[in-house]
Amino acid sequence: MEKMKLTENMVAVLKVLAELPEGKGFARAVLEKMEGKTFNGVNATLAAAAGKGLCTKARKINEAAEKILTEYAITEAGKEAIAPAEEEDAQ
């Protein structure tokens, strides 16, 4: 697989998404686990990651908000893309 350029922000958002149950969640759930980020920033980052194939997006009913929102799920490509960054953190 060709190495893809990712911003630090995208890596951080994807790491949080990967930590959610089943690697799935709404942008608001990702935002709750991050500091210093805005909802629009997290949502835009997730949408950009979906465009690169690093996560998928699907319209789902969020029962807590009683709305249809976009649920994101990390893909294998997304897990692979953030793996090198995790190895660097361990060193």
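## A walk from the pocket to the sheet

Let's begin at a pocket: α2 (27-32), α3 (39-51) and β3 (67-74) each supply at least two residues of the lining of the second largest pocket. Keep in mind as you look around that this is a predicted model. Of the elements in that wall, β3 gives the most, with four residues. The space inside comes to about 180 Å³.

Which residues line this second largest pocket? Following the numbering, you will meet Phe-26, Ala-27, Arg-28, Phe-39, Asn-43, Asn-62, Ala-65, Lys-67, Leu-69, Thr-70 and Tyr-72. By character, the lining divides into six nonpolar residues, three polar ones and two charged ones. If you wonder how such spaces come to light, rolling a probe the size of a water molecule over the atoms shows where empty space is left.

Two of the lining residues, Arg-28 and Phe-39, deserve a pause. Arg-28 lies over the face of Phe-39, and its distance from the ring centre is 4.2 Å. How many aromatic pairs does a search of the whole structure find? The count is zero, so that search turns up no ring pair under a cut-off of 6.5 Å between centres.

Now follow β3 out of the pocket wall and into the sheet. In general, strands of a sheet pair through backbone hydrogen bonds, either parallel or antiparallel. Here the sheet is open, has three strands in the order β1-β3-β2, and uses antiparallel pairing. β1 (24-26) and β2 (55-62) are the edge strands, each pairing on one side only. From one strand to the next, the twist averages 35°.

Take the two pairings in turn. β1 joins β3 in the antiparallel sense over three bridges. Gly-25 has its bridge partner in β3, namely Tyr-72, and Tyr-72 is also one of the residues lining the second largest pocket. On the other side, β2 and β3 pair in the antiparallel sense over eight bridges. There, the β3 partner of Lys-60 is Leu-69, and Leu-69 likewise appears in the pocket lining.

How many residues lie between β2 and β3 in their hairpin? There are four, and Glu-66 in the turn has a positive phi of about 55°. On either side of Glu-66 in the numbering, Ala-65 and Lys-67 are among the lining residues, which brings our walk back to the pocket.

How values were computed. Residues are numbered from 1 along each chain as its sequence is written. This is a predicted model: local features need pLDDT of at least 70, side-chain atom pairs count only at pLDDT 80 or more; totals for chains, interfaces and linings use all residues. Side-chain values use heavy atoms; hydrogens and water are left out. On a 1 Å grid over the protein atoms alone, a cavity is a set of points where a 1.4 Å probe fits but cannot get out, and a pocket is an open set with protein on both sides within 12 Å along at least five of seven lines; lining residues have an atom within 4 Å of a point. Grid points are joined across faces, edges and corners, and a volume is the space filled by probe spheres set on the points. Ala, Val, Leu, Ile, Met, Phe, Trp, Tyr, Cys and Pro count as nonpolar, Asp, Glu, Lys and Arg as charged, and the others, Gly among them, as polar. Rings of Phe, Tyr and Trp (its six-membered ring) pair if their centres lie within 6.5 Å; planes under 30 degrees apart count as stacked, over 60 as edge-to-face and the rest as tilted. A charge sits over a ring if NZ of Lys or CZ of Arg is within 6 Å of the ring centre and within 35 degrees of the ring normal. Two strands pair if DSSP finds at least two bridges between them. Axes are lines fitted to C-alpha atoms, for helices over the stretch in contact, and angles run from 0 to 180 degrees between N-to-C directions.
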